[in-house]
Amino acid sequence: MNEVSAPDLLDELLELSPRERFHAVATVVARVWETPTVLLGEIPPTQAITAVAVIAAGLPGAYGKSWLDHRLARAALPGVSGELAGRALCALDVIVGRDRESVPLELHVSDGDAAQALLDDLRDVLMDGIRRAW
């Protein structure tokens, strides 16, 4: 799969029905969590992070966050369960190397500090979503 930009991925998700979008996003985070090596070829890191962001955007804690632009807000999954937020958190931990099953990735970003802040913020929103569900 070619590396596609996050905005293009969001546009593709918006072309799907809400049910298809949910299935696509849930499948990506489950695959990353269950089989981290998919990040080395089958599922590009950009796609995995976008799936995590779409889930996080559907949680109350995302409201007012700088990364929640109009495109992501439209693609957000409504009514994200604690279980799905948990799977997204596990996938995020794999992507950023916090999980023991993580694979070595080289994410090339122009602003490493901003990228780290985004990843940390996504983690916080997902953690809050899990807490609210229980």
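In the predicted model, helix 2 (residues 18-34) packs against helix 3 (residues 45-57) at an angle of about 120 degrees. Their axes lie 9 Å apart. Angles from 65 to 115 degrees count as roughly perpendicular and those over 145 as roughly antiparallel. Helix 2 is therefore oblique to helix 3. The crossing of these two helices is left-handed. On the helix 2 side, the contact is made by Val25, Val28, Val29 and Val32. Helix 3 contributes Gln47, Ala48, Ala51, Val52, Val54 and Ile55. By class, this contact of helix 2 with helix 3 holds nine nonpolar residues, one polar residue and no charged residue.

Helix 3 also packs against helix 5 (residues 82-96). The two axes come within 10 Å and cross at roughly 150 degrees. Helix 3 and helix 5 are therefore roughly antiparallel to each other. Their crossing is left-handed. From helix 3, the residues in contact are Ala48, Ile49, Val52 and Ile55. They meet Leu84, Ala85, Ala88, Ala91, Leu92 and Ile95 of helix 5. Ten nonpolar residues make up the contact of helix 3 with helix 5, with no polar and no charged residues. Ala48, Val52 and Ile55 of helix 3 thus appear in the contact with helix 2 and in the contact with helix 5.

Helix 2 and helix 5 pack against each other as well. The angle here is about 50 degrees, and the axes are 8 Å apart. That angle makes helix 2 oblique to helix 5. The crossing of helix 2 and helix 5 is left-handed. Helix 2 brings Phe22, Ala26, Val29, Ala30, Val32 and Trp33 to the contact. Helix 5 brings Leu84, Arg87, Ala88, Cys90, Ala91, Val94 and Ile95. The contact of helix 2 with helix 5 has twelve nonpolar residues, no polar residue and one charged residue. Val29 and Val32 of helix 2 take part here and also in the contact with helix 3. On helix 5, Leu84, Ala88, Ala91 and Ile95 meet helix 2 and also meet helix 3.

The second largest pocket encloses about 200 Å³ of space. Eleven residues line this pocket. Those closest to its centre are Leu9, Glu12, Leu13, Val28 and Gln47. Helix 1 (6-14), helix 2 and helix 3 each supply at least two residues of the lining. The lining of the second largest pocket divides into eight nonpolar residues, two polar residues and one charged residue. Val28 and Gln47 lie among the residues closest to the pocket centre, and both belong to the contact of helix 2 with helix 3.

Terms used
Residues numbered from 1 in each chain as written. Predicted model: local features only at pLDDT ≥ 70, side-chain atom pairs only at ≥ 80, totals over all residues. Heavy atoms only, no water. Axes fitted to C-alpha atoms, helices over the stretch in contact; angles between N-to-C directions. Helix = DSSP H or I, 4+ residues; strand = E, 2+ residues; numbered from the N terminus. Parallel < 35°, antiparallel > 145°, perpendicular 65-115°, else oblique. Left-handed = near helix turned anticlockwise from the far one by under 90°. Contact = heavy atoms within 4.5 Å. Nonpolar A, V, L, I, M, F, W, Y, C, P; charged D, E, K, R; others polar. 1 Å grid on protein atoms, 1.4 Å probe; cavity = no way out; pocket = protein on both sides within 12 Å on 5 of 7 lines; lining within 4 Å. Points joined across faces, edges and corners; volume = space filled by probe spheres on them.
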